[in-house]
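Me: I'm new to this one and I'd like to know what stands behind the words people use for it. Can we go through it together?

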Amino acid sequence: MKPGKAFIRAVIALTGAAMAGLWAMKPSTAFEAVPPADVESFRESWRVLDPITARNLAIYPVVSDLKADTSEFLTLDAGVASGEVRIAERGALENGMIRRRTARRWPPVETDVAPSAYQGASVNELVLVNDSSRPLILLSGEVVSGGKQNRIIGMDLIVPPKSEPVSLTVFCVEHGRWSSGPAAFGSAGAIAHPGIRAEAEFSKNQSGVWDKVGGTGAAMGVGSPTGSYMDMVTSSMAERARKAVELPIEREFEQKLREALRGRGVVGAVVAINGQLVWSDVFSSAALFREYWPKLLRSYAVEAQSQPGVSKPLPGLKEAQAFLEAVHGQVTVESRAGVYRRTEIASTGFQVEALEALEGKADSGLLIHYNKMARD
């Protein structure tokens with residue numbers, strides 16, 4: 001069974017109906033539930049390995065013996081680099097930068113910023129076209145630079161091949177600029193660290209994102225004239241501190257995994273900072289994880305920098321495995337038939353988001369990304 005099948009069946013059983021209409025989003029459904037036992041089977045091959053540590057950061061590799069094929073999917077970095085994926089401010093649609101079609105807003109988001117104040121462009125909205133013949137994966141927290149200010153993608157999404165222009169929910173990570181930069185957005189080759197991703201992905205709070213960006217600069221002792229997240233995390237001081245954490249983990253990661261894999265693939269990581277389990281990112285294939293691993297490791301290192309403190313003893317493997325697996329709580333499902341399904345599970349102490357790619361009208365598909373965060 002390929003990963004995602006049991007999860008899909010369980011979600012269908014819980015929600016009671018498959019979604020319909022390629023671009024018609026069924027309203028989110030939320031309910032209190034403990035998913036049935038077979039939900040666990042889609043993750044039954046995941047195993048957490050001993051942690052790799054540097055300073056206050058610990059990375060527990062997650063391995064699997066499943067061999068999912070994710071070669072059909074396109075990442076943001078690859079799509080922007082090839083020119084097949086184009087991103088612009090909302091107003092650029094009318095100005096001819098992106099071919100003239102009607103942009104569709106998906107998914108909606110509530111923010112405290114009034115788009116009408118910005119003459120067509122919007123702080124929390126960008127327009128994207130996927131001209132490639134492959135489905136495009138967007139991960140929450142991926143940084144795009146340009147336009148009137150740098151943004152991060154607001155939540156995990158899949159954009160179908162040869163798409164109409166779609167309107168993306170984004171969050172600003174450059175509070176002090178609202179002026180023209182490069183008209184087309186490029187990928188910054190980075191993912192915002194977990195504290196910022198949580199404000200965007202789970203809290204959906206622009207003010208919270210700005211507060212986290214400012215707090216990151218203060219914790220690192222760096223600043224930016226425009227309050228730019230990328231200016232802060234790529235400053236020489238931040239780079240030196242980050243590499244002191246990142247490089248040892250990279251070296252040990254490769255060495256330890258060569259000895260431990262035994263035919264299994266590394267598909268993700270569980271993260272602990274200061275002895276507390278705080279985050280996980282797991283993918284359906286080792287190939288897809290490798291695509292994102294450099295960006296993810298950098299984001300974990302920045303998170304560790306932004307949370308200085310005295311580390312407690314590291315959690316054991318059983319604790320890390322339990323953190324990865326627990327899924328009980330309030331379930332919310334959003335779906336685009338034939339494109340994706342995103343399931344959120346909120347519980348006391350954690351929040352989960354799982355993104356699946358759906359296959360045609362059968363409403364079956366493949367788990368792409370599983371993301372879990374600890375919360376108060």
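Me: What does Glu-142 touch, not counting residues up to four places away in sequence?

Reply: Touching here means contact, that is, heavy atoms within 4.5 Å. On that basis Glu-142 touches Leu-76, Ile-137, Arg-151, Ile-152, Ile-153, Ala-190, Ile-191, Tyr-292 and Lys-295. Bear in mind that this is a predicted model, where local features need pLDDT of at least 70 and side-chain atom pairs count only at pLDDT 80 or more, while totals for chains, interfaces and linings use all residues. Residues are numbered from 1 along each chain as its sequence is written, and side-chain values use heavy atoms, with hydrogens and water left out.

Me: Why is Glu-142 called buried?

Reply: Its relative accessible area is 1%. Buried means under 20%, exposed means over 50%, and partly exposed is in between (1.4 Å probe, protein chains only). So Glu-142, at 1%, counts as buried. Glu-142 belongs to strand β10 (residues 142-145); strands are DSSP runs of E with at least two residues, helices are runs of H or I with at least four, and both are numbered from the N terminus. The C-alpha atoms of Glu-142 and Ala-190 are 5.9 Å apart, although 48 residues separate the two along the chain.

Me: What makes Lys-162 exposed and Lys-204 partly exposed?

Reply: Lys-162 has a relative accessible area of 55%, so it passes the over 50% mark and is exposed. Lys-204 has 25%, so it falls in between and is partly exposed. Lys-162 sits in the loop between β12 and β13 (166-172), and Lys-204 in the loop between α3 and α4. Lys-162 has a positive phi of about 50° although it is not a glycine. For Lys-204, another residue other than glycine, phi is near 55°.

Me: How do you know that α3 is roughly perpendicular to α7?

Reply: The axes of helix α3 (residues 194-203) and helix α7 (residues 286-305) come within 8 Å and cross at roughly 100°. Axes are lines fitted to C-alpha atoms, for helices over the stretch in contact, and angles run from 0 to 180 degrees between N-to-C directions. Angles under 35 degrees count as roughly parallel, over 145 as roughly antiparallel, 65 to 115 as roughly perpendicular and the rest as oblique. So, at roughly 100°, α3 is roughly perpendicular to α7. Pro-194, Gly-195 and Arg-197 of α3 make the contact with Leu-296, Ser-299, Tyr-300 and Glu-303 of α7.

Me: And why is α3 called roughly antiparallel to α4?

Reply: α3 and helix α4 (residues 206-220) pack at an angle of about 170°, with their axes 8 Å apart. That is over 145, so α3 is roughly antiparallel to α4. On the α3 side Gly-195, Ile-196, Glu-199 and Ala-200 take part, and on the α4 side Gly-208, Val-209, Lys-212, Val-213 and Thr-216.

Me: What makes β5 and β12 edge strands?

Reply: Two strands pair if DSSP finds at least two bridges between them. The open sheet of 3 strands runs in the order β5-β9-β12, with mixed pairing. β5 (74-75) and β12 (157-159) each pair on one side only, and that makes them the edge strands. Strand β9 (residues 136-138) pairs with β12 in the antiparallel sense over 3 bridges. Leu-136 has Val-159 of β12 as its bridge partner.

Me: How do you know that β18 and β19 pair?

Reply: Strand β18 (residues 340-347) and β19 are joined by 8 bridges and run antiparallel. At least two are needed, so they pair. They form a hairpin with 2 residues between them, and Gly-349 in the turn has a positive phi of about 100°. Strand β19 (residues 350-359) is mostly covered, as 9 of its 10 residues are buried.

Me: What is meant by a nonpolar core, and which residues have the most contacts inside the largest?

Reply: A nonpolar core is a set of buried Ala, Val, Leu, Ile, Met, Phe, Trp, Tyr and Cys residues joined through side-chain atoms within 4.5 Å. The largest has 58 residues, and those with the most contacts inside it are Leu-57, Ile-59, Leu-128, Leu-138, Tyr-300 and Ile-368. α7 gives the most to this core, with 9 residues. Another core, of 22 residues, lies apart from it and includes Ala-58, Val-267, Ala-320 and Phe-323.
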